[in-house]
Each structure stands twice: as C-alpha cells, then as structure tokens.
Amino acid sequence: MKTTLPNLQILRFLAAAMVLLSHVQHEAEKMTFGGAHYVPWNAIYLAGGVDIFFVISGFIMYAISSSAFGRDGAAGNFLVRRLIRIAPPYWLFTLAMLLATVIFAGHITHSKLSMANVIASFFFIPYNNAYGGAYPVLMLGWTLNYEFFFYMVFSLALCFRRTIGLGLVFGLIGAFALVGMFDVVRQQPFMFWTNPIILEFLMGIGLAMARERGMRLSPSVAVFAIVAGFGLMFVLKAAGIATSYWTIRFLWMGIPALLICAGAVLVEQKPETTGFKKALVFLGDSSYALYLSHPFSLNLVSVVWGRAGWQQPYAYVALSCVVSLAVGALVHVLIEKPVTNYLNDKLRARQNPRTLVTH
C-alpha cells in the first residue's frame, strides 16, 4: 500500500494540534492576566489527539510493511528505519530538556532526575521518575515509549509469514492489554506496557487491512464518520466518563479515534495537493517536530509574555499556538528532515554497497 494519502498527513496535524491546544490551555490556566483568568475550551478531551496518533501509527506500520512479512532482514530493516525516524529528534529534545533542567532547575516543575531515568529515557524504556510517574526526561515522550513497544512487537512479527505474524501481533498485544485490564502487574516497565491503550495500534492495523482489501467510503459517509467521531468525543466528555473508566480509554477514546481515522483514509483521494490543503499536509509532515518542540515554545512565550506584562489571555493562547507551529515547522525543515534523509541515505548505501550515485 504505497499510495500517498494527504488526508492522513492532515489528520496527523489535527492530532498534534489537539495536544498542543491542550497544553497551551493548561499553561494559560496557571497564569494571571491582570486579574483575568483564561476559560479553557474543553468540549472534547483534547489529549485524545494521542489516541488518534496511535491508530494512525498502527495504520502506517502495516501499510508500509504488509508485503515484508517473512522476508529475510525485514524485521531488522523495519526497526532500524523506525529508529531513524523517531530517535534523533527525540534524543535532541531530551538533551535539551536535560540541559534546561540543569540550568533552569528552579523554573521547571519536575527537575529531579536519576541516572536510571535518564538512561531509560534514551532507550524508550518506561521507568518511574523521582515523582513516581512512568515518564521520561521529556515527559511527553511517554507516548514514544508505547510506540517503540509496538515497533518491537511488529518487528518480531515480520520474521514470519503474514498470517502468523499478524496473529502474533494481535495475540501479544491483546494478551498484554488483557493483563492490564485486570491490573495484575504493578512493576515497571510491564505495568506501563500492559495499559490497554495499546489496543489502539491494532485498530489502526485493522483499518489498514480494510483499505488494502478495497474498502472505501463515499465522501459523504467519510465526513459522517469524522463528525460522528468528534461527536462521540463530545458526548463522552460531557458524561464525565474519563473519571470512572480510565482503564478502558481504548474504548471511549479509541473508538472515536478509529471513526475519525476511517473517515480520513477510507475515502478516495488524489496524492497531489495544492493551495491550503498542501499547507495542511506540510503541517502534518512537521507534526512530530511540533509534538516534540512545543513545550519549549510554550515556555519561551510564557517568559516573554510575563516580562512584557501583557494581559490578554486569549492573545496569549493564540500567540503560543502560532509560535509553536512556526518552531515545529523550522525544526522539521532544518533538523528533522535533513537528518532523517541523511541517515536513510546511509542505510541504503550500506544495504546496496555496489550502487553508485553520481550527481
């Protein structure tokens, strides 16, 4: 399944924007604006952008690897390429957070670190920090710990032919999630890995398999699926379901995320984009850089805002979002994309040493 899906990239931007707005509003609520207070928009659970990301990840991993099951070297090649894709930017911002923790310890909420926590952070291993939470040095990296767990399982599955490999993926992840539902394991990292949220990766795989087999939605049905997904988010948020049913987040956030993703990827679409849609696709391309960099952007805006003595809370939120998007785009163009391309070129050259490229 090699066809480019612009809607998928736009959806990645939407998911990152939801997480961004969630964090911006959290910062705005803590600030005082000349006595005024920011009233957040919480009609839906904005952190559900993470659930959309997990469904997307399952979709993409199957889509790019569906023909690789059972091939020699497929597992190692898959894992190396995933590391090339996610590790360098993450390690860069983890180092930046370490540096900030040392220099600005008095201004950082969670500044206590242990060497074990630092090492675990770089190896995508869940480890309880000094405050008792299974968070890496760059706290939002908790989602990448789930991603890497999924990559490890999926790479193992690629060692086998497709039927067996998929059975292994669904069996292992399903078993881990089942253990998590019954709260059997309380030791890290297994307590983290058994969170049923990992079932959202399987939703994405199922969606990719449906598309591979020719399932398509008409434009009107696709729009309905997306609206229904967000509508379900709204209804469940209003019902306060998160308070009592956090363990089954994969249902009350995963199913809406699946509906939204289905509406985006199961509709026919041209790979070429122009105008505003092309801009949205670019923002989707830079969504990972946005995700990693936005905590630094928010801190920068907060410092400048406080020293300038500005008061308007909604202007603060708007500026924070704009600066975060701009920084994310710059990081993508100047760092993430060049480094990823360079490492992929090196990998290709190593795999094909007789291939001579001339310019």
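Which exposed residues does the face of α13 turned away from its buried side carry?

**Figure 1. The two faces of helix α13 in the predicted model.** The face turned away from the buried side carries the exposed residues Gly275 and Lys278. Helix α13 spans residues 275-285, and its buried residues are Leu280, Val281, Leu283 and Gly284. These buried residues lie on the same side of α13, because they cover an arc of only 160° around the axis. Their packing partners are α1 (6-30) and α14 (287-308).

**Figure 2. A nonpolar patch on the surface.** The patch is formed by Leu92, Phe282, Leu330, Val333, Leu334, Ile335 and Val339, which together have about 570 Å² of accessible area. Helix α15 (residues 313-351) gives the most to this patch, with 5 residues. Ile335 is found in α15; with a relative accessible area of 34%, Ile335 is partly exposed.

**Figure 3. The salt bridge between Glu336 and Arg85.** The closest N and O atoms of this pair are 2.6 Å apart. Glu336 lies in helix α15 and Arg85 in helix α3, so the salt bridge ties together parts that are 251 residues apart in sequence. Glu336 has a relative accessible area of 3% and is therefore buried, the cut-off being under 20%.

**Figure 4. Salt bridges within single helices.** In helix α1, Lys30 and Glu27 form a salt bridge whose closest N and O atoms are 3.4 Å apart. These two residues are separated by about one helical turn because they are 3 residues apart in α1. In helix α15, the side chains of Asp345 and Arg348 meet in a salt bridge at 2.4 Å, N to O. Asp345 and Arg348 are also 3 residues apart, about one turn of the helix. Asp345 is partly exposed, at a relative accessible area of 43%, and Arg348 counts as partly exposed at 38%. The structure holds 7 salt bridges, including Lys30 with Glu27 and Asp345 with Arg348.

**Figure 5. Val102 of helix α3 and Lys112.** Val102 is found in α3 (residues 74-103) and counts as exposed, at 67% relative accessibility. Val102 and Lys112 are 10 residues apart along the chain, and their C-alpha atoms are separated by 9.5 Å.

**Figure 6. Model confidence and residues 355-359.** The protein chain averages a pLDDT of 92, and 95% of the residues score at least 70. Over residues 355-359, pLDDT stays under 50, and the model has 0 contacts for them beyond four places in sequence. Where pLDDT is low, the predicted coordinates should not be read in detail.

Note on methods: Residues numbered from 1 in each chain as written. Predicted model: local features only at pLDDT ≥ 70, side-chain atom pairs only at ≥ 80, totals over all residues. Heavy atoms only, no water. Buried < 20%, exposed > 50% of the residue type's maximum accessible area, 1.4 Å probe, protein only. Helix = DSSP H or I, 4+ residues; strand = E, 2+ residues; numbered from the N terminus. Arc of directions from axis to C-beta. Contact = heavy atoms within 4.5 Å. Patch = residues over 30% accessible without salt bridge, like charges linked within 9 Å, V, L, I, M, F, W, Y side chains within 5 Å. Areas by Shrake-Rupley, 256 points an atom, 1.4 Å probe, with all protein chains shown as cover. Salt bridge = Lys/Arg side-chain N within 4 Å of Asp/Glu carboxyl O. pLDDT = per-residue confidence, 0-100.
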